[in-house]
Amino acid sequence: MIASKIPATVITGFLGAGKTTLIRNLLENAGGRRIALIINEFGDLGVDGDLLKGCGIETCSEDDVVELTNGCICCTVADDFLPAMAKLLARPGKLDHIVIETSGLALPQPLVAAFNWPEVKARVTVDGVITVIDASAVAAGRFADDEESIAAQRAEDESLDHDNPLEELFEDQIRAADLVILNKADLVDADAMEAVRAAVAQAAGDRPVKAIVASNGKLPADVLLGLGSATEDTIASRRSHHEIEHEGGEMHDHDDFESFVAEAGAIADPAAFAEGLKALIGRHDILRLKGFAAVPGKPMRLVVQAVGGRVETYFDRPWRESETRATRLVVIGLHDGLDETAIGREIAALTLAAETAAA
Ligand SMILES: Nc1nc2c(ncn2[C@@H]2O[C@H](COP(=O)(O)OP(=O)(O)OP(=O)(O)O)[C@@H](O)[C@H]2O)c(=O)[nH]1
């Protein structure tokens with residue numbers, strides 16, 4: 001008898017949309033399923049994998065989490081994804097489901113196509129591609145181009161399609177989806193959510209996609225898992241802008257975005273630090289900032305999360321003996337939009353070392 005294939009769910013969506021939060025909720029409500037995770041991040045700091053590993057959820061052992069921090073999964077499918085999958089499949093014990101969190105910049109299409117590679121296809125099927133979107137960011141027009149400025153630019157250069165890489169990614173991630181989660185519903189009112197639904201329907205084009213509303217990704221596991229889409233069979237018809245523009249099969253790259261890790265000393269006060277970061281994000285047009293900070297006298301490490309101008313901090317777990325108590329933040333923005341030296345200096349100025357030095 002042929003063993004049934006293991007279902008794999010691909011979770012995609014822009015930086016800070018709420019993918020890790022949704023996965024955490026899914027693990028907490030897994031209903032006894034053994035779920036393995038492959039986590040891919042843009043930026044050299046494995047924040048998401050670290051948060052999920054430290055979640056203390058019984059059904060999620062650290063061995064079940066494979067982290068890929070080497071760039072973006074859609075560019076490194078052969079080098080990173082296939083070995084990670086082979087590693088998971090080689091492990092003993094029954095695996096009920098595989099969940100793959102792509103980086104916020106990934107185009108899911110090449111990843112899903114990799115499920116047609118013989119060694120994967122024999123054992124695994126794509127249960128569904130779930131695209132998480134930040135409804136408050138969409139409602140605020142962050143992924144929409146200004147129609148007038150587009151028209152003006154097109155008038156000058158006919159070859160221009162999208163000038164906004166955020167809009168293009170939004171469309172590509174929606175077009176790949178079997179299910180769209182309109183997340184962060186707590187931040188938008190009913191009218192705005194209707195506008196978000198319309199934006200998603202428009203981005204989906206002629207292949208309608210189901211969209212459901214959520215806050216903090218809180219949805220029953222049965223809603224997220226068991227879609228039974230076998231997306232690898234149909235992904236060829238859901239091509240991204242990038243694939244359409246580069247018919248020759250040129251590798252996708254993320255020249256539109258850049259990231260670096262800022263390292264600094266401990267901080268005195270989380271609330272003041274968050275305020276300082278909020279101002280800094282506004283000055284420098286930072287898309288996403290996340291990582292950990294050390295607070296003297298506190299045995300716990302402080303998680304720092306910022307999406308646009310919204311900054312959140314909380315203590316998640318005690319620092320380990322092997323870890324250096326310092327502040328490390330990954331900073332992500334548009335290419336040529338980040339002044340690494342100035343941002344690093346300004347983050348350092350928000351830390352204790354700077355205050356001590358100034359005293
Ligand atoms: N208000 C609100 N905040 C949310 C919600 N979902 C997630 N967040 C917050 O948004 C921030 C980013 O959430 P993550 O789950 O890390 O987002 P992500 O998509 O994994 O981010 P990347 O890994 O950078 O792509 C965190 O501060 C979350 O607490 C939501 O529904 N409502």
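Here is a walk through the main pocket of this model and the ligand that comes with it.

First, some housekeeping: this is a predicted model, where local features need pLDDT of at least 70, side-chain atom pairs count only at pLDDT 80 or more, and totals for chains, interfaces and linings use all residues. Residues are numbered from 1 along each chain as its sequence is written, and side-chain values use heavy atoms, with hydrogens and water left out.

Start with the largest pocket (on a 1 Å grid over the protein atoms alone, an open set of points where a 1.4 Å probe fits, with protein on both sides within 12 Å along at least five of seven lines). Its volume is about 860 Å³, meaning the space filled by probe spheres set on the points, which are joined across faces, edges and corners. The lining (residues with an atom within 4 Å of a point) runs to 38 residues, with Gly18, Thr21, Asn216, Gln305 and Glu312 nearest the centre. Domain 1 (2–245) and domain 2 (257–358) both contribute to that lining, so the pocket lies between them; the bounds come from an automatic or database domain assignment.

Now look at the ligand. Around it sit 22 residues (a heavy atom within 4 Å counts), and Thr21, Asp48, Asn216, Arg288 and Glu312 are the closest. For polar contacts (N or O pairs within 3.5 Å), check the backbone: polar backbone atoms of Gly16 and Gly18 are each 2.9 Å from a ligand oxygen, while for Lys184 the distance is 3.2 Å. The protein covers 91% of the 660 Å² of accessible area that the ligand has on its own, using Shrake-Rupley with a 1.4 Å probe.

Definitions and conventions. A polar contact is a pair of N or O atoms within 3.5 Å; within protein, one must be able to donate a hydrogen and the other to accept it, and residues adjacent in sequence count only if both atoms are side-chain atoms.
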